[in-house]
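Please open the model in your viewer and keep the sequence beside it, since this tour moves from one selection to the next. Each stop says what to select and what is found there.

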Amino acid sequence: MSRLLKEILIALVVGILSYLIYQKTVKYYKSEITKFENTLSKMTIIFDDITKNKLLDQVSLAKELDVGYRVSDRNIRYLPCKIKAENENFKKGKIKIKGGIAHYKNENKSYKIKLKKGENIFGVNSFSIQQPQARGYLIEWMLHRLLKHVQLLSLRFELINVNIDNKESLYSFEEHMGKELLINNAKKIGPIFHFGNDMLWEARSIFGIGSEYEDQFNISPIVPYNLKTLIKDDNKFNLFKKAKSKLDDFRRRKADVKDVFNINDMAKLMALMDLFGPRIHYSVLTNLKFYFNPNNNKIEPICYDQGY
């Protein structure tokens with residue numbers, strides 16, 4: 001047998017063995033993934049054809065305007081739907097698409113969902129579901145458990161199976177800003193707020209995705225979550241005004257950082273974020289979320305969208 005023929009036979013045998021090992025490995029991991037998915041919580045979301053078509057319209061608008069769809073007059077925003085966890089009854093809610101292009105360019109879109117007042121699913125009243133890769137698969141899941149471990153505000157974040165419009169897929173479930181977040185973190189109820197982003201979305205819809213507007217940090221409005229509920233309670237609204245005043249004083253350099261923020265919590269968060277690599281997505285203005293603690297009159301960070 002010639003040397004060339006021997007080398008061809010050896011290469012053929014190695015190739016066949018490699019293929020068989022590959023097939024066995026794939027089969028094993030598919031089996032393990034199936035076992036894992038079978039242990040996950042399940043959620044079902046249903047809606048009528050009107051909502052379905054309007055959600056598709058939202059996706060088309062987002063593809064046309066990019067992030068500018070969020071502030072467009074053509075965006076209908078929340079639409080009626082029904083949601084239920086496994087072995088529970090359906091509850092009325094509202095649904096809309098969310099996020100930038102990474103959230104709606106693929107077949108499985110990302111959604112933000114609100115339940116009727118007083119209702120909850122998995123312990124929360126409002127939440128997002130998104131493709132797991134949009135939150136780094138298990139990275140964000142791990143992050144919120146570490147946040148909990150070091151006693152920083154953490155969101156309920158899980159991987160779940162979602163059947164939406166009769167199609168089941170794996171999604172990440174992410175708690176949104178509400179009183180349930182504070183209760184779950186053993187915090188006294190107080191205002192949760194952020195920097196309003198409407199001007200930024202408008203700028204990016206006109207000038208492009210990387211656009212900013214001048215002096216963004218100093219002129220963006222400070223906006224509370226759940227404003228309709230907040231203004232009905234004088235004590236809660238006064239707490240928000242106090243928090244807003246403190247943050248305004250800080251960004252105008254009239255107040256020292258230690259008099260405005262819980263600096264221990266801010267330092268712990270920044271140190272923890274260094275463990276997750278160079279990305280600082282959580283600290284861009286559009287992702288900054290805060291809680292004002294009535295017990296010490298200090299602002300605490302809420303880590304959101306680390307960006308893996």
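Begin by selecting strand E3, residues 91-97, in this predicted model. Of its 7 residues, 5 are buried, which here means under 20% relative accessible area, so strand E3 is largely enclosed by the rest of the structure.

Keep E3 highlighted and add strand E2, residues 79-85, which runs antiparallel to E3 and is joined to it by 5 bridges. To see one facing position in this pairing, select Lys82 and look across to Lys92 in E3, which stands opposite. Then follow the chain through the hairpin of E2 and E3, where 5 residues lie between the strands and where Asn87 takes a positive phi near 65 degrees.

Which strand, of residues 111-115, is also joined to E3? Select E4, which runs antiparallel to E3 and is linked to it by 5 bridges; within this pairing, Gly93 stands opposite Leu115 in E4.

The last stop is a pocket. Select Leu56, Glu107, Lys109, Tyr111 and Asp165, which lie nearest the centre of the second largest pocket, among the 15 residues that line it. The volume of this second largest pocket is about 310 Å³. Now colour helix H2 (49-65) and strand E7 (167-175), each of which supplies at least two residues of the lining, with H2 giving the most, namely 4 residues. If you finally colour the lining of the second largest pocket by residue class, you should find 8 nonpolar, 2 polar and 5 charged residues.

Definitions and conventions: Residues numbered from 1 in each chain as written. Predicted model: local features only at pLDDT ≥ 70, side-chain atom pairs only at ≥ 80, totals over all residues. Heavy atoms only, no water. 1 Å grid on protein atoms, 1.4 Å probe; cavity = no way out; pocket = protein on both sides within 12 Å on 5 of 7 lines; lining within 4 Å. Points joined across faces, edges and corners; volume = space filled by probe spheres on them. Nonpolar A, V, L, I, M, F, W, Y, C, P; charged D, E, K, R; others polar. Buried < 20%, exposed > 50% of the residue type's maximum accessible area, 1.4 Å probe, protein only. Pairing = 2+ DSSP bridges.
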